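Me: I'd love a close look at one buried part of this protein and the charged pairs around it. Could you walk me through it?

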Amino acid sequence: MADEVPKVEEMAAINHTPPKTGWMDTPAVIRPGMYCYSAKAKPLNILSMPYGRDWDPIEEDWHLPENWMEIVLEGLHERLHKFRSLQLFMDVCVRCGACADKCHFFIGSGDPKNMPVLRAELLRSVYRKEYTLAGKLLGKMVGARKLTETVLKEWWTYFFQCTECRRCSVFCPYGIDTAEITIIGRELLNLLGLNIDWIATPVSNCYRTGNHLGIQPHAFKDMIDFFVDEVEDVTGVRCNPSFNRKGAEILFITPSGDVFADPGTYTAMGYLILFHYLESMGLDITWSTYASEGGNFGFFTSHEMMKRLNAKMYMEAKRLGVKYIIGGECGHMWRVIHQYMDTMNGPADHLEVPKSPITGTVFQNAASTKMIHITEFTADLLRHNKLKFDKTRNDNYNLTFHDSCNPSRGMGLLEEPRYIIKEMCNHFYEMPEGTIREQTFCCGSGSGLNAGEDLELRFRGGMPRANAVKHVHEKHGVNTVACVCAIDRAALPPLMDYWVPGVQVAGVHELVGNALILDGEKERTEDLRFEPLAGMEDE
């Protein structure tokens, strides 16, 4: 954990005055609370990644290979030819500044190098020096500079102060996706073993055991069995989930955060209740203890690593012989699926276009990926009046909805979660326009930055999101933020505790689990958190 997090009033006093020195002459400062621990040798070696070693970002010597500069420039050359978007993004920016004030890290820190335009300039300046005549001849006059060890450390600092949320891309008149530049920047750093531990270790765990936490298959099943007991305590009904069952119609995969950490565990209980409810209506679904992770931290490492981890879900679907996949409430998993899957591992011709066994709806939006989001599935059930529920069971919740960056901007999942929440709850309030839907603010902890040692960075980056929640908290008494992302469910509770005390976080299917009326259930007096339902406080 960070040694000390500034007090709220200190954090809120942000100085947006630019430094007196130019950006090239203002060195990066790596200080506690604002960086993540470096990747260790062990996970990198397990993944056969280059130059796995133990090193410390605050030490002068990062133990770089002798030919590190040659490695990076060759890597940049290769990617300029491989990704046409990168070449375009290096050339077309006119530095108009439309993106400058859109980044949550710039808003919360005041550091100009967290402006998307300037973060991209960190890489673009080296590109100009190496690939443009003006840059070679005029150097600094045209924004070009040599790659040096100081520049490399600056890259590491700021490419790991970007959550790849893509809010800046919404406002760029040229369509530059600065997150894609961050992705390439991180790829180049990975060529030298310069990752962070909170990414490298989960990737290694997922590669070995199927989930980020490195949990073995039997332990994964034990956790689900524990939730079955919890659901029975609340409802009086015992669910009967199946695992690794060959020939099932549907494979269900959710982020491991839903299975191993509160408040995601309540969302997992909601899944179990929904699947049990639908069993008698023809739902034939199984969990996998091997592909037990929907999240993909390979996305924060390299395109190749993203591809390797994404493949396991589809290989498991093929092994089990299912028709298609339903994915749980996750953030970046859905950007990988919707924007990379087809050209990376797909098309998934061994699967079928998802068709609801309950309503008959064919999800043509998943015609190639064969994977639908669980809120699409549940919203369709509600539209066809297939669910019996009591929304008053969620009356203790005054809700708002946080559009998670990747499902909203990556796949356009805007209406389904809202539709479910409004059906399941009586009290819902939107945060202000400009902070929701495509323009949603990031939680400040995505893309592998949800570590304990960088809490100041996370709280600074999450401040714009927290401010919008504070608005509806004070105006409408909102006490709960609902979301469809496991990282959000992990990142938002400490963010709320810091900026907006009294606001908790919930998954959408936790609300579904509370409200659904099961055949044979006992009179419910508690919700899935074992908190008394409204009016049951004295029971």
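Reply: Happy to! Let's start with Glu164, which has just 1% relative accessibility and so counts as buried. This is a predicted model, and in it the side chain of Glu164 meets that of Arg186 in a salt bridge, with N and O 3.4 Å apart. The two partners come from distant parts of the chain, 22 residues apart: Glu164 lies in the loop between α8 and α9 (167-171), while Arg186 belongs to helix α10. Arg186 is buried too, because its relative accessibility is 0%.

Now step back to helix α8, residues 149-159, which is largely enclosed by the rest of the structure because 9 of its 11 residues are buried. Among the buried ones are Val151, Leu152, Trp155, Trp156 and Phe159, but also the charged Lys153 and Glu154. The buried residues of α8 pack against three helices: α3 (68-82), α6 (116-131) and α10 (178-190). Helix α10 therefore turns up twice here, once as a packing partner of α8 and once as the home of Arg186.

Glu154 deserves its own look. Its relative accessibility is 4%, so it counts as buried, and it forms a salt bridge with Arg145, where the closest N and O atoms are 2.8 Å apart. Arg145 is buried as well, since its relative accessibility is 10% and the cut-off is under 20%.

For contrast, Leu137 in helix α7 (residues 133-138) counts as exposed because its relative accessibility is 64%. Together with Leu133, Leu138 and Met141, Leu137 makes a nonpolar surface patch of about 500 Å².

Key
Residues numbered from 1 in each chain as written. Predicted model: local features only at pLDDT ≥ 70, side-chain atom pairs only at ≥ 80, totals over all residues. Heavy atoms only, no water. Patch = residues over 30% accessible without salt bridge, like charges linked within 9 Å, V, L, I, M, F, W, Y side chains within 5 Å. Areas by Shrake-Rupley, 256 points an atom, 1.4 Å probe, with all protein chains shown as cover. Salt bridge = Lys/Arg side-chain N within 4 Å of Asp/Glu carboxyl O. Helix = DSSP H or I, 4+ residues; strand = E, 2+ residues; numbered from the N terminus. Buried < 20%, exposed > 50% of the residue type's maximum accessible area, 1.4 Å probe, protein only. Contact = heavy atoms within 4.5 Å.
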